[in-house]
Amino acid sequence: YQLTDQINLKWINAYVDNRSRDLSDYDMTPLPILTFYSGQTDDHVLSEELRLSGKMSRMNWTAGAYFAKQNSYITDPYIILGVGTIPEDSISKSVRSISVYGQGTFDLTDQFAAVAGLRYSQDKEAYSDTTANLHPQVTFNDTSPRLGLNYKLTPDTMFYVSAARGFRDGGFSVNSALPASYNGYLTFQPDTAWTYEAGMRAEFIDHRLRVNPTVFWTNWKNMQFNYLIPNPVQHTVAAVTNNAGDSRIKGLELESQWLATNQLMFNGSFAL
């Protein structure tokens, strides 16, 4: 909706309703003697986003709020002789995410522009298994900034530098094969990444050749990876997600497009 000549309002709504049933017949006969519904799953996901964007004097800006909620219900009943359900394992999971954000690009001069943005997120996750009497809950909060500087050498050539922080929330891995000291689940923490970039965005030969070189450096903290935890009592191994330390990633990329004719385009990329 066009609020004014300079301000736009956008509302994005999405809803997903997913239901799945998996059936296995364990008695190996044509009769329904022992049937197992391996994962009757009902998933309901709702997301809402309200976004304002506009231009004010020398600044282009965007601000908004986001909400998402997912509810999952899983039941695993055994069907005996086609009539009974013995036993029934009932599991429910819910994830709620809310965030607010804003970003602006301010033209310092006709050539220099500064970029600044900030996003606050809160994620809540809850799990309930009535049979195993497991009811873990976790909440994570995060504030992620973004800063940058753009320099427009010509109308078709821009250089930029930027720094941005990324966030992925934590959660818990439920696994009955974990040692008894874990009480049936393992909680893992969020991981974060600061990424620093510098690059050029340029077009040549009357906009027929586009060249986009980029160099980057990423500091990744508290990485989430798959773990194998042995259980010496049960003589089993539990596969879970856990935090696995830090890493640094550095490299460069080059992407290009050349419109050789009005009917023929070449694309090329290189990454190290």
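## Backbone turns, aromatic pairs and a nonpolar patch

Ser 57 has a relative accessible area of 65%, so it counts as exposed, the cut-off for that class being over 50%. This value, like the others in this briefing, comes from a predicted model. The points below take up two loop residues with positive phi, the aromatic pairs found in the structure, and a nonpolar patch on the surface.

**Loop residues with positive phi**

- Ser 57 lies in the loop that runs between β4 (40-56) and β5 (59-80), and its phi is positive, at about 55°, although the residue is not a glycine.
- Asp 206 likewise has a positive phi, near 60°, in a residue other than glycine, and its place is the loop between β12 (191-204) and β13 (209-221).
- Asp 206 has a relative accessibility of 69%, which means that it is classed as exposed, because this value is over 50%.

**Aromatic pairs**

- A search of the whole structure gives six aromatic pairs, among them that of Tyr 127 with Phe 172, whose ring centres are 6.1 Å apart and whose planes meet at 75°, so that the pair is classed as edge-to-face, the cut-off being over 60 degrees.
- This pair joins distant parts of the chain, since Tyr 127 belongs to strand β7 (residues 112-129) and Phe 172 to strand β10 (residues 171-174), with their positions 45 residues apart in numbering.
- Tyr 127 and Phe 172 are both buried, and ring pairs link these two residues with Tyr 185 into a cluster.
- The rings of Trp 258 and Phe 266 have their centres 5.5 Å apart, and because their planes stand at 20°, which is under 30 degrees, this pair counts as stacked.
- Trp 258 is partly exposed, with a relative accessible area of 42%, and Phe 266 is also partly exposed, with a value of 43%; both have this label because their values fall between the 20% limit for buried and the 50% limit for exposed.

**Nonpolar surface patch**

- Phe 106, Leu 108, Phe 112, Leu 149 and Val 161 make up a nonpolar patch on the surface, and together they have about 410 Å² of accessible area.
- One of these residues, Phe 112, is placed in strand β7, the strand that also holds Tyr 127.
- Phe 112 has a relative accessibility of 34% and therefore counts as partly exposed; this value also meets the patch requirement of over 30% relative accessible area.

Terms used:
Residues are numbered from 1 along each chain as its sequence is written. This is a predicted model: local features need pLDDT of at least 70, side-chain atom pairs count only at pLDDT 80 or more; totals for chains, interfaces and linings use all residues. Side-chain values use heavy atoms; hydrogens and water are left out. Helices (H or I, at least four residues) and strands (E, at least two) are DSSP runs, numbered from the N terminus. Buried means under 20% relative accessible area, exposed over 50%, partly exposed in between (1.4 Å probe, protein chains only). Rings of Phe, Tyr and Trp (its six-membered ring) pair if their centres lie within 6.5 Å; planes under 30 degrees apart count as stacked, over 60 as edge-to-face and the rest as tilted. Patches are made of residues with over 30% relative accessible area and no salt bridge: like charges are joined within 9 Å, nonpolar side chains (Val, Leu, Ile, Met, Phe, Trp, Tyr) within 5 Å. Accessible areas come from the Shrake-Rupley method with a 1.4 Å probe; for residues, only the protein chains shown count as cover. A salt bridge is a side-chain nitrogen of Lys or Arg within 4 Å of a carboxyl oxygen of Asp or Glu.
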